[in-house]
Amino acid sequence: MSLGYAEKLSFIEDVGNVGMKEYFDSPHALREKIERLAMLIKKCRHLVVFTGAGISTSCGIPDFRGPKGIWTLQREGKALPEASLPFHRAVPSLTHMALIALEKAGILKFVISQNVDGLHLRSGIPREKLAELHGNSFMETCPSCGAEYFRDFEVETIGLKETSRRCSDAECGARLKDTVLDWEDALPPKEMDAAEKHCKVADIVLCLGTSLQITPACNLPLKALRGGGKFVIVNLQTPKDKKACLVIHGLVDKVIAGVMELLNMQIPPFVRIDLFQIILTQAMSIDGRYVNWTLQVASAHGPKAMLPFIKSVEVSFLDKEDYKAATLTTQPFRLKRRTIPSKAFEMVLKLNFSDGCGCSSIEIDVPVDFQVPTECFNFDKEVVFQKLRDKAIGESKCGQTDVVERRTILTPRSDITVYAIVTNVIQYSQAGKAFPDFHANGDLKDRVFNINGTESSRKHSKGSKKRKSRS
């Protein structure tokens, strides 16, 4: 969980039981229970998964009530754990991606999460099949029209407060609000109703990485019992063990890896794609002799949004005699220059990425000719994303880019090009790993290997002389 999120919560004295002892099943018992769980899932017609903080600890996000949880350490007067990477760069765990495989196979019908880390949406769970009971640190919503905006940055507020951005619908424009609950906030009816509906008809509610302490959310799995269903717990510490048909004391990733192996199902790779835009604004000088132009590398999430995954931008020019190179290190990344209207030139932008991205930098060529009208288009974003995913997986590295949209604003005259870029590629170790290592239930070292590329790659924007066709 984000340490920032924990600090934003209102103070309360009673946060439930913390620091409870963790239990690990013996290797033999663990294997036997995983086989039982795999059989239950295989026979299941309506599987619902209920997740807590324990599903994300292997992503580098600390939990709250475990031996090294945030509230446990606070109560003991100890220093809070250091984040291993920025919260906004956390990647889904093996378990998150296994749920994607189960959903695509038609086995998993619905996911209920108490987490605010956004990793279920980031992994690819469809929004209509997900209830985020406590909100999402990366989601803003419009209270007027109901539109949702999934961000690449952590929203600055919690407690359903107004943020600094507005709805992008031209007919709406209302101030957006965060979606993360504070202690006194009631669970959102829309999310709760969907969760209850699916639990009531579930054959199995599979609880992963939750201590089932927060009411009323913790009572949702029990609703399956009234309809003849069952619920299963996979966690190292859970007080509701007696009502579950199966309790597995093991690391969630280890258990799910074993289940997927027994079901003969592959865990898909995770490919993260982020958006940014290049804005070129122009205006004639007062005497009409020059074009004053401004280059900006900006977030695709609005004019008041930061670009969290770009650390700096180096700007150079192929015609080095006329233009001086520059390095932009503070946001907004903006460069101002002037040129004669008839002068065409080409810029090279080197985008240096922040920690947590799989590649250190990429280069993009930006051709500029103020006398040629801009070609505007808007491609299907999902089609572009799928092409990038396939290419990234095939090349076993990140850094691939493609243009999603190009549009023009007349006042002030601005050409805006939106790019999609692959910033992480993760493959998950599975085959042959789950059962042989059961003697090490408490130490899952082979959870994931990263196949991100580390070399810079050079890309050309649509329209560049060096790029003959869209890839």
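This report walks through the fold totals, the nonpolar cores and one helix pair of the structure above.

The model is a predicted one. Its protein chain has 471 residues, of which 54% count as buried. DSSP runs give 9 helices and 22 strands. Looking at contacts with a separation of 6 or more, 67% join residues 24 or more positions apart.

**Nonpolar cores**

In soluble globular proteins, nonpolar side chains tend to be buried together. Here, the largest nonpolar core is made up of 47 residues, and F276, M347, L349 and L351 have the most contacts inside it. F276 is a good place to start looking: beyond its neighbours within four places in sequence, its contacts include V297, A298, A300, L307 and F309. Also in contact with F276 are L351, I364, T417, V418, Y419 and I421. Apart from this core lies another, with 43 residues, including I41, A98, L99 and L130.

**Helices α4 and α8**

Two packed helices are described by the angle between their axes and the distance between the axes. For α4 and α8, the axes lie 9 Å apart at an angle of about 30°. Angles under 35 degrees count as roughly parallel, so that is how α4 and α8 run relative to each other. Their crossing is left-handed.

| Helix | Span | Residues in the contact |
|---|---|---|
| α4 | residues 94-104 | L94, T95, A98, A101, L102 |
| α8 | residues 252-262 | V252, D253, I256, A257, M260 |

By class, this contact comprises 8 nonpolar, 1 polar and 1 charged residues. A98 is worth a second look, as a residue of α4 that meets α8 and as a member of the core of 43 residues.

Conventions. Residues are numbered from 1 along each chain as its sequence is written. This is a predicted model: local features need pLDDT of at least 70, side-chain atom pairs count only at pLDDT 80 or more; totals for chains, interfaces and linings use all residues. Side-chain values use heavy atoms; hydrogens and water are left out. A nonpolar core is a set of buried Ala, Val, Leu, Ile, Met, Phe, Trp, Tyr and Cys residues joined through side-chain atoms within 4.5 Å. Buried means under 20% relative accessible area, exposed over 50%, partly exposed in between (1.4 Å probe, protein chains only). Contact means heavy atoms within 4.5 Å. Axes are lines fitted to C-alpha atoms, for helices over the stretch in contact, and angles run from 0 to 180 degrees between N-to-C directions. Helices (H or I, at least four residues) and strands (E, at least two) are DSSP runs, numbered from the N terminus. Angles under 35 degrees count as roughly parallel, over 145 as roughly antiparallel, 65 to 115 as roughly perpendicular and the rest as oblique. A crossing is left-handed if the near helix is turned anticlockwise from the far one by less than a right angle, and right-handed if clockwise. Ala, Val, Leu, Ile, Met, Phe, Trp, Tyr, Cys and Pro count as nonpolar, Asp, Glu, Lys and Arg as charged, and the others, Gly among them, as polar.
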